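Here's a quick walk through one model, with an eye on helix packing and charged pairs. Have the viewer open as you read.

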Amino acid sequence: PPEVSWLQGPLRPWITQVFASTQFKHREWTDSREVHKVWANFLAGRTGLHTSVWRWLSLEMWARVCLAPRTELFHENAPSTTPNATKMPAQSIAAN
């Protein structure tokens, strides 16, 4: 799929930065350690993981645009806006 080339190619540095960001790590709906494991496996060439990477990236960008106050849109130290959300295991998302 073309998204594999995009994610492993020109978008790779940006995605790495997003997944390493404080904002992403503090989201209540994913386990960032599991996301990093999946991301590393994807970059190592394991097939079938691009859909999960794309979903997590899309979810994070949605959160930054739709949940964060305008002044914190892309600010690295922005607090989580969902303090009572439940974390969703990365494995369950990766399996889909």
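Which side chain meets that of E60 in a salt bridge at 2.7 Å, N to O? It's R64: the side chains of E60 and R64 come together at that distance. Keep in mind that this is a predicted model.

## The E60 network

E60 and R64 sit four residues apart in helix α5, so about one helical turn separates them. Neither one is out at the surface: E60 has a relative accessibility of just 1% and counts as buried, while R64 is buried too, with a relative accessible area of 7%.

E60 has another partner as well. Its side chain meets that of R27 in a salt bridge, at 2.9 Å from N to O. R27 belongs to the loop between α3 and α4, whereas E60 is in helix α5, so this pair ties together parts that are 33 residues apart in sequence. R27 is buried, just like E60. Put the pairs together and you get a network of salt bridges that links R27, E60 and R64.

## Another charged pair

The structure holds four salt bridges. One of them is in helix α4, where the side chains of E34 and K37 meet at 3.3 Å, N to O. These two are three residues apart, which is about one turn of the helix. E34 is buried, with a relative accessible area of 17%; the cut-off for buried is under 20%.

As background, side chains of opposite charge can pair when their charged atoms come close.

## The two sides of α2

Now over to helix α2, which covers residues 12–20 and has I15, V18 and F19 as its buried residues. Looking down the axis of α2, you'd see these buried residues fall within an arc of 95°, so they line one face of the helix. What's on the face turned away from that buried side? There you'll find the exposed residues P13 and Q17.

The cover over the buried residues of α2 comes from several helices, including α1 (2–8), α3 (22–25), α4 (32–43) and α5 (50–67).

## How α2 meets α5

Two packed helices are described by the angle between their axes and the distance between the axes. For α2 and α5, the angle is about 65° and the axes are 11 Å apart. The crossing of this pair is left-handed.

On the α2 side, the contact is made by W14, I15, V18 and F19, and α5 brings V53, W56, L57, E60, M61 and R64. Sorted by class, that contact has eight nonpolar residues, no polar ones and two charged ones. So what about the salt-bridge partners from the opening? E60 and R64 both turn up again here, among the α5 residues in contact with α2.

## Two more spots to check

P1 is in the segment before α1, and it's exposed, with a relative accessible area of 61%. Its C-alpha atom is separated by 8.9 Å from that of H50, although P1 and H50 are 49 residues apart along the chain.

S32 is found in helix α4. Is S32 buried or exposed? At 12% relative accessibility, S32 counts as buried. Leaving out residues up to four places away in sequence, S32 touches F24 and K25.

How values were computed: Residues numbered from 1 in each chain as written. Predicted model: local features only at pLDDT ≥ 70, side-chain atom pairs only at ≥ 80, totals over all residues. Heavy atoms only, no water. Buried < 20%, exposed > 50% of the residue type's maximum accessible area, 1.4 Å probe, protein only. Arc of directions from axis to C-beta. Contact = heavy atoms within 4.5 Å. Axes fitted to C-alpha atoms, helices over the stretch in contact; angles between N-to-C directions. Left-handed = near helix turned anticlockwise from the far one by under 90°. Nonpolar A, V, L, I, M, F, W, Y, C, P; charged D, E, K, R; others polar.
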